[in-house]
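Let's take a walk through a protein structure together. Keep the sequence and the 3D view open as you read, and find each residue as it comes up.

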Amino acid sequence: PSASESEHLFATSNPVPDEEAITLSGDCVTRVFDGPHETAKDWYAEMEELVRARGGEPDKVYFFHTTRPKCVEACGHNYVVGVAGV
């Protein structure tokens with residue numbers, strides 16, 4: 001929603017009671033990042049450039065964290081998948 005607010009989306013295999021369900025659809029590009037959360041602004045810019053390189057104009061960019069924050073230290077990686085509409 002803004003630079004100081006975020007919207008959290010969660011992948012689920014079943015509907016979650018009392019929660020709005022949305023579906024991402026359309027043509028998208030993805031990229032996997034690995035690093036601290038502080039570099040997300042750089043990842044955002046990289047996703048926009050990836051869309052432009054494919055002839056599109058960036059619209060929405062989403063990031064999907066593959067690891068729970070408490071598990072990142074044990075895992076040694078903070079894998080984050082960027083998804084952007086083309």
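## A walk from the start of the chain

Leucine 24 sits in the segment before β1. Keep in mind that what you are looking at is a predicted model. Is leucine 24 buried, partly exposed or exposed? Its relative accessible area is 47%, so leucine 24 counts as partly exposed, because that class runs between 20% and 50%. Leucine 24 also has company: together with Leu9 and Ile22, it forms a nonpolar patch on the surface. Taken together, the three offer about 250 Å² of accessible area.

Now for a patch with charge. Which residues gather in a patch of negative charge on the surface? They are Glu7, Asp18, Glu19 and Glu20. Let's look at two of them. Glutamate 7 is found in the segment before β1, the strand that covers 28-34. With a relative accessible area of 53%, glutamate 7 is exposed, because the cut-off for that word is over 50%.

Aspartate 18 lies in the segment before β1 too. At 81% relative accessibility, aspartate 18 counts as exposed. There's something else to notice about its backbone. Most residues other than glycine have a negative phi. Aspartate 18, though, has a phi near 65°, which is a positive value in a residue that isn't glycine.

Next, let's pair up some opposite charges. How many salt bridges does the count come to? The answer is four. In one of them, the side chains of lysine 41 and aspartate 42 meet, at 3.8 Å from N to O. Why does this pair count as a salt bridge? The nitrogen of lysine 41 and the oxygen of aspartate 42 are 3.8 Å apart, and the rule asks for a side-chain nitrogen of Lys or Arg within 4 Å of a carboxyl oxygen of Asp or Glu, so the pair makes the cut. As for the partners themselves, lysine 41 is exposed, with a relative accessible area of 62%, while aspartate 42 is partly exposed at 40%.

Stay with helix α1, which spans residues 40-53. Arginine 52 and glutamate 49 both lie in this helix, three residues apart, or about one turn of the helix. Their side chains meet in a salt bridge of 3.2 Å, N to O. Both partners are partly exposed: arginine 52 has a relative accessible area of 37%, and glutamate 49 comes in at 48%.

Arginine 52 has another partner as well. Its side chain meets that of glutamate 57 in a salt bridge, this one at 3.9 Å from N to O. Through shared partners, the salt bridges join Glu49, Arg52 and Glu57 into one network. Glutamate 57 counts as exposed, at 59% relative accessibility.

For the last stop, move along to threonine 67. Where is it? Look in the loop between β2 (61-65) and α2 (69-75). Is threonine 67 buried or exposed? It is buried, with a relative accessible area of 16%, because buried means under 20%. The side chain of threonine 67 is also joined to the side chain of threonine 66, by a polar contact of 3.4 Å.

Notes: Residues are numbered from 1 along each chain as its sequence is written. This is a predicted model: local features need pLDDT of at least 70, side-chain atom pairs count only at pLDDT 80 or more; totals for chains, interfaces and linings use all residues. Side-chain values use heavy atoms; hydrogens and water are left out. Patches are made of residues with over 30% relative accessible area and no salt bridge: like charges are joined within 9 Å, nonpolar side chains (Val, Leu, Ile, Met, Phe, Trp, Tyr) within 5 Å. Accessible areas come from the Shrake-Rupley method with a 1.4 Å probe; for residues, only the protein chains shown count as cover. Lys and Arg count as positive and Asp and Glu as negative; His and the chain ends are not counted. The place of a charge is taken as NZ of Lys, CZ of Arg, CG of Asp or CD of Glu. Helices (H or I, at least four residues) and strands (E, at least two) are DSSP runs, numbered from the N terminus. Buried means under 20% relative accessible area, exposed over 50%, partly exposed in between (1.4 Å probe, protein chains only). A polar contact is a pair of N or O atoms within 3.5 Å; within protein, one must be able to donate a hydrogen and the other to accept it, and residues adjacent in sequence count only if both atoms are side-chain atoms.
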